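Let's take a walk through a protein model, starting with the overall picture and then zooming in on a few spots. Keep the structure open while you read.

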Amino acid sequence: MDHVNPLLGPIIALVAWTIVMLFLAAFKMQTGIRSGADLRGTPRGARGRDLEGRIDPKYLWARQNYEHLVEQPTLFYAIVIALVLMDQDHIVNVVLAWAYVGLRIAHSVVQALGKSRSITFVTSSLLLIALTLHAAMEYIAHL
């Protein structure tokens with residue numbers, strides 16, 4: 001392979017970050033469980049959601065963020081792969097993709113700290129819309 005499409009970098013980075021958040025979520029939930037939470041009545045093998053209201057919410061913020069990273073970013077992966085397949089790796093799309101990843105990481109950090117993350121969510125959503133519009137324009141131009 002002589003050329004690696006630069007749009008693949010943001011995909012790899014966001015998947016790697018999602019894995020980091022998976023481990024952080026598991027660690028934080030275990031810490032919350034060990035903190036003396038009242039888990040009576042919680043079924044064995046309960047999911048993270050089942051712990052809501054039973055342990056301090058701060059131990060669940062990372063898990064909630066992990067769930068967010070497997071929701072909207074799936075659209076990001078799809079549209080960036082579409083751009084890769086259409087050979088649309090010009091600098092604007094690369095910058096938009098990296099900015100999206102940066103904002104999703106910032107969103108994770110802000111949420112893990114229990115702060116308001118609406119600005120990072122809205123801004124990253126706008127970047128996703130821009131990438132989608134670029135892909136749609138390229139697709140329509142070649143019909």
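## The big picture

A residue counts as buried when its relative accessible area is under 20%. With that in hand, here is how this predicted model looks: the protein has 143 residues, and buried ones make up 34% of them.

What about the fold? You'll find five helices and zero strands, so to speak an α-α-α-α-α pattern when you read along the sequence. Now take the contacts in the protein with a separation of 6 or more: residues 24 or more positions apart account for 76% of those.

## Two helices side by side

Two packed helices are described by the angle between their axes and the distance between the axes. Try that on helix 1 (residues 8-34) and helix 4: they pack at an angle of about 10 degrees, and their axes are 9 Å apart. That angle makes helix 1 roughly parallel to helix 4, because angles under 35 degrees count that way.

Which residues meet here? On the helix 1 side they are Gly 9, Pro 10, Ala 13, Leu 14, Trp 17 and Met 21. On the helix 4 side they are Ala 97, Trp 98, Tyr 100, Val 101, Arg 104, Ile 105, Ser 108 and Val 109. Sort the residues of this contact by type and you get 11 nonpolar, two polar and one charged.

Let's zoom in on Ser 108, which lies in helix 4. Is Ser 108 buried or exposed? Ser 108 is buried, because its relative accessible area is 0%. Leaving out residues up to four places away in sequence, Ser 108 touches Trp 17, Met 21, Asn 65 and Leu 69. Two of those names, Trp 17 and Met 21, belong to the helix 1 side of the contact you just met.

## Aromatic rings

A pair of aromatic rings is described by the distance of the centres and the angle of the planes. This structure holds two aromatic pairs. In one of them, Phe 76 and Tyr 100 are stacked, with 4.5 Å from centre to centre and 15 degrees between the planes. Phe 76 lies in helix 3 (residues 73-85) and Tyr 100 in helix 4 (residues 91-112), so this pair ties together parts that are 24 residues apart in sequence.

Are these two residues buried or exposed? Phe 76 counts as buried, because its relative accessibility is 0%. Tyr 100 is buried as well, with a relative accessible area of 0%. Add Tyr 77, and you have one aromatic cluster made of Phe 76, Tyr 77 and Tyr 100.

## A salt bridge

Side chains of opposite charge can pair when their charged atoms come close. How many salt bridges does a search of the whole structure find? It finds one. The partners are Glu 67 and Arg 63, whose side chains meet at 2.6 Å, N to O.

Both residues lie in helix 2 (residues 61-69), and they sit four residues apart, about one turn of the helix. Arg 63 counts as buried, because its relative accessibility is 6%.

## One more stop: Ile 79

Back in helix 3, look for Ile 79. Ile 79 counts as buried, because its relative accessibility is 15%. Setting aside its neighbours within four places in sequence, Ile 79 is in contact with Leu 128, Leu 131, Thr 132 and Ala 135.

Now find Ala 136, which is 57 residues from Ile 79 along the chain. The C-alpha atoms of Ile 79 and Ala 136 are separated by 9.4 Å.

Terms used. Residues numbered from 1 in each chain as written. Predicted model: local features only at pLDDT ≥ 70, side-chain atom pairs only at ≥ 80, totals over all residues. Heavy atoms only, no water. Phe/Tyr/Trp six-rings, centres within 6.5 Å; stacked < 30°, edge-to-face > 60°. Helix = DSSP H or I, 4+ residues; strand = E, 2+ residues; numbered from the N terminus. Buried < 20%, exposed > 50% of the residue type's maximum accessible area, 1.4 Å probe, protein only. Salt bridge = Lys/Arg side-chain N within 4 Å of Asp/Glu carboxyl O. Axes fitted to C-alpha atoms, helices over the stretch in contact; angles between N-to-C directions. Parallel < 35°, antiparallel > 145°, perpendicular 65-115°, else oblique. Contact = heavy atoms within 4.5 Å. Nonpolar A, V, L, I, M, F, W, Y, C, P; charged D, E, K, R; others polar.
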